[in-house]
Amino acid sequence: MRPYMMLNVIPSLPPSLVRLAELAYNLRWTWDHETRDLFRRLDSDLWERSGHNPVAMLGSIAQARLEAAAKDDGFMAHFQRVCEQFDRYMGNQRAWYSQHCAELPDCRVAYFSPEFGLTECIPIYSGGLGVLSGDHLKSASDLGIHMVGVGLLYQFGYFSQYLSPDGWQQEYYPVNDFYNMPLQLMRKPDGTPVTVQVNYPDAPVSAQVWRIQVGRVPLYMLDSNLQQNRPRDREITGKLYGGDREMRIRQEILLGIGGYRALMALGIEPTVCHMNEGHAAFLCLERIRVLMDRFGLNFSEAAELARAGNVFTTHTSVPAGIDVFAPDLMDRYFGGWYPTLGITREQFLALGRQHPADASEPFNMAVFAVTMSSHTNAVSALHAVVARRLWANLWPGVPEEEIPVGHITNGVHLRSWISGDLASLLDRYLGPRWREEPSDMSVWQKVADIPDEELWRTHERRRERLVHFARQRLHAQLEARGAPPSEVEIANEVLDPEALTIGFARRFATYKRATLLLRDPERLARILNDRDRPVQIIIAGKAHPQDQAGKELIQAIVKAARQEEFRHRLVFLENYDTNVARYLVQGVDVWLNTPRRMQEASGTSGMKAAANGVLNMSILDGWWDEGYAPEVGWAIGRGEIYDDPEYQDTLESQVIYELLEKEIVPLFYSRGRDGLPRAWIAKMKAALGRLAPVYNTDRMLMDYTTKYYMPVSARYLAMQENQGQRAKNLAAWKATVRENWGQLRVENVEANTLAEVHVNSEIVVRARVNLGSLSPDDVRVQLYYGHVNPAGDIQQGQVAPMELTEKQDAAYIYEGKVNFTTSGLHGYTVRVVPYHPDMTTPFDSGLIYWFS
């Protein structure tokens, strides 16, 4: 039965406690231990039952408890202290951005992501991408960066996981009750909800806008579950990563086009649009359309202006991880856009193709995002190598090392992930600057001053809490599964709070190789069940509902955990979320990561563990390829990649066993008379001191701001002046250069050298270049030189400019110098690239000429 009228019922708070609602609706509590402790103090049982949701908690707490709290001097003092800290934080005028970037106050960043993992009580995330997005906003708030987030508010979120009696993953989708979550519906002055409309082939779809306040940063979320929409359209914001290809394109249209329209409806116009993965790339179309209408630009001109203000971050290492849409599906959803933008179907589809002339190639969202962005970055140095190879076809003729894909290595929001116990210890010995300036290496050098005993006792408390949590959770999941009482009772005996504990938790994709540790079960059993030096493993994670191979990995682990030799030493925890993640990264001793090398773009779970003094044991992939040193953890192998994956798995599993038997277990159990594993503690301190100040999102956001946000914003604002005149000029210049590029040729190259020279000898190279209808101002002539490999190609080449020295008839003479600093077979050649002061890279025109 539908209601006659709907209204939102809010908690009734005593006047002296009215600010509890303000604290509850601002997610600063997710990284402030004092605020969380305040809500826990109000009613600890209800805090747990609510799933750590202060809004739901305030809506269901007994009125008598609130009245009692208002009369409790201790509680009120705590409350007042939290409110004062909150006010100082929200009103801070001396945050990092205002101190270092004051010259560009108009830089406004909109951060688009398909998922945001901010807290377990808003379950609209699936894993690492969403948690990174959440940490991104939290650090933007801490640093005072002018940012807003944009995403979709999923009614059913990602699935909740449970296991069948035979260990097979099952999924169910609890309904998210938005009115009892820390988010608020955006309303117009007349009280009606702010809505946007997006046209789909069969009918327009409306979406209302919600706001999640993340400290000082608002996150705007679109919700299509409105009565005026058809049932099919209400499902657009139903499930994260659910449905078929058509549902995916419908979601991404709403995220990109609808998300940008939502900002316009709220009076927010960003100078920088940052796409976190390619899902939101359709925002580029809406941005172009708006600029065409505003300044009277054609598509090429508006695209240059929009591109100047776009940044794209790729997290993908394999083509299978990218959304692609068939041409007929694109026609169905974007056929009406072709005339609106004033371009042909072929021109439109070419924007998302690596091979524009291939009519059968699908539309690739990552290619489109790269094409429409002034900067593209990977999320670790090694990932940048992978990404440049993945997108090499977009820049034909450009050497791999020069392909314009940079990198900013990911990080984690330290205050969200460091345990309260460790945070208090850091406060005592490092002072408040580890919170305020977490990227300052000098602050973390003081970790060495922490007494070994205090650090170890703090960590032991976290391990004890992890074991208690794991037992409770295992007990509950066995009961829910209908396990016999004898098996349920064993849950109270699994794990040992003093044993060496290994953690493994992540998405169960096959390339992450969750079962690598189980390849030799007899050897593993001997390691785990050593009477004097026991070891235990706690595993958690979800497989995508359609990933049967991932589900088989989970089932294999669960079956192994039921075997007698593993029953007390190997545990799988169901329904992995940020709460489970916190217990694990704060309580284990070793964090295990086993991806196939070159397939883990970054990985952030190991960073969270390291920030708690946990030691990583990992394949040299993603961030660990940069962060590893023998003093801070262990590397599985030396970065080798073999053609036979079975051989690779066997070899690397043996390396894991060797590390455990010969290094990790002996080091952990090597105790002095005081019972302290001092060598182990030294590694913990090294991990904290070296890794925490580097692999955090404050450092990451500073990098994004200085490398991308500020220059991109400045360029965008400059190019839109005078009705976008500079964008018009750039588009016209590119058209002219493309039209005349075929006339260009290097007629002759000569040098003052023989076939053999000495190291550090200077070689002068002259080139005669015919530019045709182009002028010297349109190009840069360069020397490209370096070692020559056995295939006869210059590898890891260097570039030296050539200067115009004279004009001879219709040609120009350029001269440059080369100096080879090492011996061996070297070579050089001459190339010509376009040049315009408003291009971010000489390669974004797709033109390059090589002399041969």
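Gln161 in strand β3 stands opposite Glu171 in β4, and in this predicted model the two strands, β3 with residues 160–163 and β4 with residues 169–172, pair in the antiparallel sense over four bridges. Together β3 and β4 form a hairpin with five residues between them, and within that turn Gly167 has a positive phi of about 85°.

## Two open sheets

A parallel sheet and an antiparallel sheet are described here in turn. Six strands form an open sheet in the order β17-β16-β15-β18-β19-β20, and the pairing in this sheet is parallel. Its edge strands are β17, which covers residues 570–573, and β20, which covers 633–636, each of them pairing on one side only. From one strand to the next, the twist of this sheet averages 20°. Within the sheet, strand β15 (residues 500–505) and strand β18 (residues 590–593) run parallel and are joined by two bridges, and the bridge partner of Ile502 in β18 is Val590. Helix α22, which spans residues 452–481, lies across β15, β16 (535–540) and β17, and the helix runs at about 70° to β17.

The other open sheet has four strands in the order β24-β23-β27-β28, with antiparallel pairing. Because β24 (794–801) and β28 stand at the edges with a single partner strand each, one side of each is left without a neighbour in the sheet. The pairing of β27 with β28 runs in the antiparallel sense over two bridges, and Arg831 stands opposite Trp850 in β28.

The bridge pairings described above for three pairs of strands are set side by side below.

| Strands | Sense | Bridges | Residues facing each other |
|---|---|---|---|
| β3 and β4 | antiparallel | four | Gln161 and Glu171 |
| β15 and β18 | parallel | two | Ile502 and Val590 |
| β27 and β28 | antiparallel | two | Arg831 and Trp850 |

The loop between β27 (826–834) and β28 (849–850) contains His836. His836 counts as buried because its relative accessible area is 13%, which is under the 20% cut-off. Leaving aside its neighbours within four places in sequence, His836 is in contact with Leu730 and Trp733.

## Nonpolar cores

In soluble globular proteins, nonpolar side chains tend to be buried together. The largest nonpolar core of this model has 181 residues, and of these Phe282, Phe334, Phe348 and Tyr709 touch the most other members. When residues up to four places away in sequence are not counted, Phe334 touches Ile249, Ile253, Ile257, Phe282, Leu285 and Phe348. Another core, of 104 residues, lies apart from the largest one, and among its members are Trp417, Leu422, Ile557 and Ala692.

## Pocket and cavities

Rolling a probe the size of a water molecule over the atoms shows where empty space is left. The second largest pocket has a volume of about 1,100 Å³, and of the 43 residues that line this pocket, Arg307, Leu351, Thr371, Arg738 and Asp844 are the closest to its centre. At least two residues of the lining of the second largest pocket are supplied by each of α12 (299–308), α15 (345–350), α16 (365–371), β13 (375–378), α31 (697–719) and α32 (721–740). Of the elements in this lining, α12 gives the most, with six residues.

The structure also holds seven cavities of 30 Å³ or more, and about 240 Å³ of space lies in the largest cavity. The lining of the largest cavity is made by 16 residues, of which Leu474, Leu478, Glu487, Ala561 and Arg562 lie nearest its centre. The elements that give two or more residues to this lining are α22, α23 (485–490), α25 (548–562) and β17, and α22 gives the most, with four residues. Helix α22 and strand β17 thus appear both in the lining of the largest cavity and in the packing of the helix across the parallel sheet.

## Pro711 in helix α31

Helix α31, one of the elements in the lining of the second largest pocket, contains Pro711. Pro711 is classed as partly exposed because its relative accessible area is 36%, a value between the 20% and 50% cut-offs. Not counting residues up to four places away in sequence, Pro711 touches Thr705 and Thr706. From C-alpha to C-alpha, Pro711 and Trp623 are 26 Å apart in space, and they are 88 residues apart in sequence.

Key: Residues numbered from 1 in each chain as written. Predicted model: local features only at pLDDT ≥ 70, side-chain atom pairs only at ≥ 80, totals over all residues. Heavy atoms only, no water. Pairing = 2+ DSSP bridges. Axes fitted to C-alpha atoms, helices over the stretch in contact; angles between N-to-C directions. Contact = heavy atoms within 4.5 Å. Core = buried A, V, L, I, M, F, W, Y, C linked by side-chain atoms within 4.5 Å. Buried < 20%, exposed > 50% of the residue type's maximum accessible area, 1.4 Å probe, protein only. 1 Å grid on protein atoms, 1.4 Å probe; cavity = no way out; pocket = protein on both sides within 12 Å on 5 of 7 lines; lining within 4 Å. Points joined across faces, edges and corners; volume = space filled by probe spheres on them.
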